[in-house]
Amino acid sequence: QQKKCVVKVCHNKDCCKKGGGDNLFRTFRDLVPSDDNNQLTIESTGCLSQCGKGPNVCVVKNGSDEKMYYDIKDALDASAVLDVAT
């Protein structure tokens, strides 16, 4: 059974300057399969406290299992995160 997963995309100014924020949010959203059955949610979030490593993404599985991903800049990076997360 597929697990519920939330991908939190940092919208802090430092990550946005490095290509994160809205652009990265849209990239993740566009990669979610249409037949996902709401198992994967993409959300905006504030600073994830690793500004020097950004753009940053936090993946939360089942409400508590968190894993950080750093330097996520394009669709290839985002797809790799989703492959690991789901």
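**A walk through the sheet and its loops**

The charged end of Lys53 sits over the ring of Tyr70, at 4.7 Å from the ring centre. The call has two cut-offs: NZ of Lys or CZ of Arg must be within 6 Å of the ring centre and within 35 degrees of the ring normal. The model is predicted, so to speak of local features a pLDDT of at least 70 is needed, side-chain atom pairs count only at pLDDT 80 or more, and totals for chains, interfaces and linings use all residues. Residues are numbered from 1 along each chain as its sequence is written, and side-chain values use heavy atoms, with hydrogens and water left out.

Now take the strands. Helices (H or I, at least four residues) and strands (E, at least two) are DSSP runs, numbered from the N terminus. Start at E1, which spans residues 5-10. Which strands does E1 pair with? Two strands pair if DSSP finds at least two bridges between them. One partner is E2, residues 40-45, joined to E1 by six bridges. E1 and E2 run parallel. Within this pairing, Val6 stands opposite Thr41 of E2.

Another partner of E1 is E3, residues 57-61. E1 and E3 are antiparallel, with five bridges. Two contacts help to fix the register. Cys5 has Lys61 of E3 as its bridge partner. Val7 faces Val59, also in E3.

Follow E3 onward. E3 pairs with E4, residues 65-69, in the antiparallel sense. Five bridges hold this pairing too. Here Cys58 stands opposite Met68 of E4. E3 and E4 form a hairpin with three residues between the strands. In that hairpin Asn62 takes a positive phi, near 55°.

Are the strands E1 and E3 mostly covered or mostly open? Buried here means under 20% relative accessible area, exposed means over 50%, and partly exposed is in between (1.4 Å probe, protein chains only). E1 has five of its six residues buried, so E1 is mostly covered. E3 is mostly covered as well, with four of its five residues buried.

Look next at E2, where Thr45 is found. Thr45 has a relative accessible area of 21% and is therefore partly exposed. Trace the chain from His11 to Thr45 and you pass over 34 positions in sequence. In space, the two C-alpha atoms are 5.9 Å apart.

The loop between E2 and E3 deserves a slow read. Ser49 belongs to this loop. Its phi is positive, near 65°, in a residue other than glycine. Ser49 counts as exposed because its relative accessible area is 57%. Gln50 lies in the loop between E2 and E3 as well. Gln50 reaches 29% relative accessibility, so it counts as partly exposed. How far is Gln50 from Cys10, C-alpha to C-alpha? They are separated by 10.0 Å, with their positions 40 residues apart along the chain. Pro55 is also part of the loop between E2 and E3. What is the geometry of the peptide bond from Gly54 to Pro55? That bond is cis, and omega is near 0°.

Another loop connects E4 and H3, and Asp71 lies there. H3 is a helix that covers residues 75-85. Asp71 is not a glycine, yet its phi is positive at about 60°. The relative accessible area of Asp71 is 39%, which means that Asp71 is partly exposed.

Finish at helix H1, residues 13-17, which holds Cys15. Is Cys15 buried or exposed? Cys15 is buried, because its relative accessibility is 1%. Set Cys15 against Asn38 for a long-distance check. The two residues are 23 apart in sequence. Their C-alpha atoms are 27 Å apart in space.

Put the strand pairings side by side. E1 runs parallel to E2. E1 and E3 pair in the antiparallel sense, and so do E3 and E4.
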